[in-house]
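Biologist: I am new to this structure and would like a close look at a single part of it. Please take me through that part slowly, with its surroundings.

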Amino acid sequence: ADWVRYLQDGKVFQYSTSNIKAAARFRSHADSKAEMIFNKLMLKAIALPAGGVLSPKGYDLYDFQKNFGVPHILGGNKTYIAHQPGLGKSAQSICAVNSKWGRTLIVVPSFLRITWAREITKWSIKDFPSIAVVPVSTKQALTNWDADFVIVPDSMIAKPWVQAGLLKQNFRYVFVDEGHRFKTPDASRTVALFGGKTKKIKSPGLIYRAEHVCMLSGTPLLNRPIELWPVLFAMAPELIDFMSYQDFGFHFGGRFVGFRFDRL
């Protein structure tokens with residue numbers, strides 16, 4: 001929400017809205033912090049690729065996908081698509097790759113590996129795109145790291161041999177399906193993706209070398225606001241004023257210091 005405070009008859013009123021066009025009506029009353037946030041969130045026109053959004057013959061995206069979803073991916077370095085399940089997040093991702101071709105890493109829950117391979121085959125404008133699905137450790141020698149699309153189960157990105165293989169590649173795109181699963185800061189897969197160090201793994205982060213990184217989720221918040229911190233801090237830390245995990249929890253999660261008798 002965009003917060004704006006304004007005076008009327010000597011009283012301070014506070015207005016909030018998630019619609020930035022509505023917030024623009026009150027912009028003249030915004031304080032410096034609200035103005036800074038407003039500037040970050042102001043919608044900007046994103047130009048479509050010169051050749052338009054490309055999809056294979058016989059398949060076409062909906063207007064909201066080709067006019068907003070795909071340009072959103074191509075218009076920024078780090079983006080988030082939080083469409084409801086079934087609204088074509090994978091189709092938009094692949095059509096973004098069609099429109100500005102580049103090798104692609106896709107991090108998915110294990111049960112979605114075949115689904116993504118099928119969607120790539122359906123939506124890619126290449127007749128026969130090469131697709132590599134990272135197998136179990138016993139078959140690691142079979143992995144084609146040079147494929148057009150490399151699909152990795154999120155449960156495996158922290159494995160040393162997978163990290164070694166991925167960090168040798170230059171991907172233009174990194175798509176992370178079900179991005180809300182990276183909600184625990186010190187989990188091995190979170191550290192592998194966003195960078196950091198634990199007792200088990202040290203990673204520079206898989207998202208920082210790609211031209212376009214996009215998190216995909218139909219349910220970005222499952223339980224508590226604090227679960228949003230890892231993704232926000234990795235993808236757009238300026239939007240939360242670079243708050244630490246603890247500061248974010250106190251500010252947005254309702255945490256408290258000391259003992260609360262009213263919790264008995």
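The part I have in mind is a strand pairing: which residue in β7 is the bridge partner of valine 107?

Modeller: Please keep in mind that this is a predicted model. In β7, valine 107 has valine 176 as its bridge partner, and this pair belongs to the contact between strand β4, residues 104-108, and strand β7, residues 173-177, which run parallel and are joined by 4 bridges. Valine 107 also has a bridge partner in β6, namely valine 152, and there β4 and β6 pair in the parallel sense over 5 bridges.

To see where these strands belong, it helps to take in the whole sheet, which is open, has 6 strands in the order β3-β10-β7-β4-β6-β5, and is paired in parallel fashion. The edges are taken by β3 (78-81) and β5 (131-133), and because each has a single partner strand, one side of each is left without a neighbour in the sheet. On average, and with direction ignored, neighbouring strands of this sheet are turned by 15° against each other. In general terms, the strands of a sheet pair through backbone hydrogen bonds, in either a parallel or an antiparallel way.

Going from β4 towards the β5 edge, one comes to β6, where 5 of the 5 residues are buried. This covering applies to both faces of β6, with Phe149, Ile151 and Pro153 buried on one side and Val150 and Val152 buried on the other. The strand β6 also pairs with β5, again in the parallel sense, over 3 bridges, and in that pairing alanine 132 stands opposite valine 150 of β6.

Two helices lie across these strands. Helix α5, residues 113-123, lies across β4, β5, β6, β7 and β10, and runs at about 165° to β6. Helix α4 lies across β3, β4, β6, β7 and β10, running at about 175° to β7. Of the 11 residues of α4, 11 are buried, so this helix is largely enclosed by the rest of the structure; among those buried residues are Lys89, Ile94, Cys95 and Asn98.

Helix α4 also meets another helix, for the axes of α3 (residues 63-74) and α4 (residues 89-99) come within 9 Å and cross at roughly 70°. That angle makes α3 roughly perpendicular to α4, and the crossing of the two is right-handed. On the α3 side the contact is made by Phe64, Gln65, Gly69, Val70, Ile73 and Leu74, which meet Gln92, Ser93, Cys95, Ala96 and Ser99 of α4. Sorted by class, this contact of α3 with α4 has 6 nonpolar, 5 polar and no charged residues.

Finally, the loop between α4 and β4 leads back to the strand we began with, and glycine 102 has its place in that loop. Its relative accessibility is 8%, and glycine 102 therefore counts as buried. Leaving aside residues up to four places away in sequence, glycine 102 touches Val97, Arg172 and Tyr173. Tyrosine 173 is 71 residues from glycine 102 in sequence, and yet the two are 6.8 Å apart in space, taken from C-alpha to C-alpha. Since tyrosine 173 falls within the residue range of β7, this contact of glycine 102 brings us back to the pairing you asked about, in which valine 107 has valine 176 as its partner.

Conventions: Residues are numbered from 1 along each chain as its sequence is written. This is a predicted model: local features need pLDDT of at least 70, side-chain atom pairs count only at pLDDT 80 or more; totals for chains, interfaces and linings use all residues. Side-chain values use heavy atoms; hydrogens and water are left out. Axes are lines fitted to C-alpha atoms, for helices over the stretch in contact, and angles run from 0 to 180 degrees between N-to-C directions. Angles under 35 degrees count as roughly parallel, over 145 as roughly antiparallel, 65 to 115 as roughly perpendicular and the rest as oblique. A crossing is left-handed if the near helix is turned anticlockwise from the far one by less than a right angle, and right-handed if clockwise. Contact means heavy atoms within 4.5 Å. Ala, Val, Leu, Ile, Met, Phe, Trp, Tyr, Cys and Pro count as nonpolar, Asp, Glu, Lys and Arg as charged, and the others, Gly among them, as polar. Two strands pair if DSSP finds at least two bridges between them. Buried means under 20% relative accessible area, exposed over 50%, partly exposed in between (1.4 Å probe, protein chains only).
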